[in-house]
Every structure is written in structure tokens, then in C-alpha cells.
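Me: Got a minute to go through this one with me? I'd like to start with helix packing, then look at empty space.

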Amino acid sequence: MELQLYQTVLYLAGAVNIMIAFVLLHNNYMYRNYNVYLSSRRFIALNYVIFGIGFCIHAYYQLRTTCPVVASALSVSYFHAGGVLFGWSHISLMRPQYLTKKIVVRDLAILAFGLICYWTAVANYEMRIVPNEMFILTCTFSVFFAHALFITYTFYRTYFSVRRSLEQMPVNDGAPKWWTLETKRTVLASHHSFVIGCHLIVGFGIGSIVITACFPHDIMPFTALMAAGICVFCFLFYSVAEYGNAIESATNAAEDVMTR
């Protein structure tokens, strides 16, 4: 019964993620004049697809019960890819000039290096080539932790910097016509939902690590975690959709901040 519930929740989480990705891509034509937001929605949709496929693989092969090491490597793989895509999408919405070719190459290189490390460590664990396999696996995961920490730091630094600039933009006769008090509140609220989403993602990731360490073979803790994960992904979709409702003002505000 526990295993069936575990699989059901994982399949549900995968289906919800893929459905959200479809909605994000289907409605993209509405934002064809807003390149940064359009790209961000595509990155977010790809993120949802990666997580959705990962959840379905977990459920189909029952990796948490059959091979926890492979399950952990798979989880770290899609969390790492998700962290990169989250940074690209959400930091760019606050600071449109953020995503340069240099940053793309840097993040993809670190991601590729990490994926090679994770799965090489799994192969070593399965073939028992080098002793202390779990220690080696843990060390390889440090690539993910270091990169995720850097992306998170960049996100928060950008958030507080942009928020401070927006708060300092006056709402008076000298301000642009589009920059009203209501617009200012809407844009700040949109950015605040991004930071709440970042809190949730960090908590979800840390929760996965803690549960993996404390309950490597038990499935009920992971069932509860995945159920909570559905709520996290739904909130992220809500926040980016709400940003789209104020996209013209938000884009103008972001461009104004760029000139400061």
C-alpha cells in the first residue's frame, strides 16, 4: 500500500509538472513582444519537464527502494539542472541583461561536469572499483551544492539590489506615466513572489537531502516530500503567471533599473 501511494504521488507530480510546462509553452504567443519573459517561460517549462520525467523514472523503477544510490544521483541531476534553469529564468526577469553567453557557457560547463561526476560515482559504487563509495558519492555531490549556493546567492543579491532600486523610483509628477503607485506595488509584489519561490525551492532541496540521509530506504517520507513538491511547483507557476499579468509595467521597470 505504501509503495502504491508512493508511485501514485510521483506519477501525479510528474503529470502536474508536464501539464504546467504545456500551459507555459501554449500561452507563449501572448508574450512574443517581451523577449526576456518569453525566454524565461521556456526555461521554466523545460525545468518542469525535466523534473516531471525524473519523478516518473523514480516511480517506474522504484529507485528509492531498489537502488537508493542511483535514486540520489538522479535526484541531484535534475535538481542541478533545475537550479541552473531557475537562475536563468528568474534572475533575468529582475535584471534582463543578466543572461549573457559567458554565464550560459559557465553554467552548462559546471552542470556537465557535475552530471559526469554523479554518474561516474554511481558506476564506481555499482562496480566497487574504489573503496569508500559513499564517501566518493557525497564528495561528487559537492559540485551541485557549490553551484546551487552560488546561484542562490546571485539570485538574492539581484533581488535585494533591484528591489532597492524600484523602491527608490519616485512616484510623482517627474516619474514616467506608466510608473504609478499601483504599478510599483504590483511589480514589487511580483518580485516578492519570486523570492518566496526561491525559499520554497531551497527548502524542498534541503528537505530532499535530509530525508535521503535519514531515511535512505523508507518511502513514506519521500511520499510526503513529493506531495509537498507539487505545491511548490504550483506556486512557482502561479508567481510567473502573475508576473505576466503585469508584464508591460514590469518590463519597463526592469529596463529603467538597468539604466541606473
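Me: Which way do helix 2 and helix 8 cross, left-handed or right-handed?
Reply: Helix 2 passes helix 8 in a left-handed crossing. Keep in mind that this is a predicted model.

Me: What angle do helix 2 and helix 8 pack at, and how far apart are the axes?
Reply: The angle is about 170°, and the axes lie 11 Å apart. Helix 2 covers residues 35-61 and helix 8 covers 220-245. Angles over 145 degrees count as roughly antiparallel, so helix 2 is roughly antiparallel to helix 8.

Me: Which residues meet there?
Reply: Helix 2 brings Y37, I44, Y48, F51 and F55. On helix 8 they meet M226, F233, L236, F237, V240, A241, Y243 and G244. By class, that contact has 12 nonpolar residues, 1 polar and no charged.

Me: Switching to voids. How many cavities of 30 Å³ or more are there?
Reply: The structure holds 1. The largest cavity has a volume of about 80 Å³.

Me: What lines the largest cavity?
Reply: I44, N47, Y48, F86, S89, H90, F233 and L236. Helix 2, helix 4 and helix 8 each give at least two residues to that lining. The split is 5 nonpolar, 3 polar and no charged.

Me: And the largest pocket, what's its volume?
Reply: About 920 Å³. Its lining has 44 residues, with F144, F145, G205, S208 and I209 nearest the centre. Helices giving two or more residues to the lining include helix 6 (133-168) and helix 7 (181-214).

Me: How does that lining divide by class?
Reply: The largest pocket's lining has 31 nonpolar, 12 polar and 1 charged residues.

How values were computed: Residues are numbered from 1 along each chain as its sequence is written. This is a predicted model: local features need pLDDT of at least 70, side-chain atom pairs count only at pLDDT 80 or more; totals for chains, interfaces and linings use all residues. Side-chain values use heavy atoms; hydrogens and water are left out. Axes are lines fitted to C-alpha atoms, for helices over the stretch in contact, and angles run from 0 to 180 degrees between N-to-C directions. Helices (H or I, at least four residues) and strands (E, at least two) are DSSP runs, numbered from the N terminus. Angles under 35 degrees count as roughly parallel, over 145 as roughly antiparallel, 65 to 115 as roughly perpendicular and the rest as oblique. A crossing is left-handed if the near helix is turned anticlockwise from the far one by less than a right angle, and right-handed if clockwise. Contact means heavy atoms within 4.5 Å. Ala, Val, Leu, Ile, Met, Phe, Trp, Tyr, Cys and Pro count as nonpolar, Asp, Glu, Lys and Arg as charged, and the others, Gly among them, as polar. On a 1 Å grid over the protein atoms alone, a cavity is a set of points where a 1.4 Å probe fits but cannot get out, and a pocket is an open set with protein on both sides within 12 Å along at least five of seven lines; lining residues have an atom within 4 Å of a point. Grid points are joined across faces, edges and corners, and a volume is the space filled by probe spheres set on the points.
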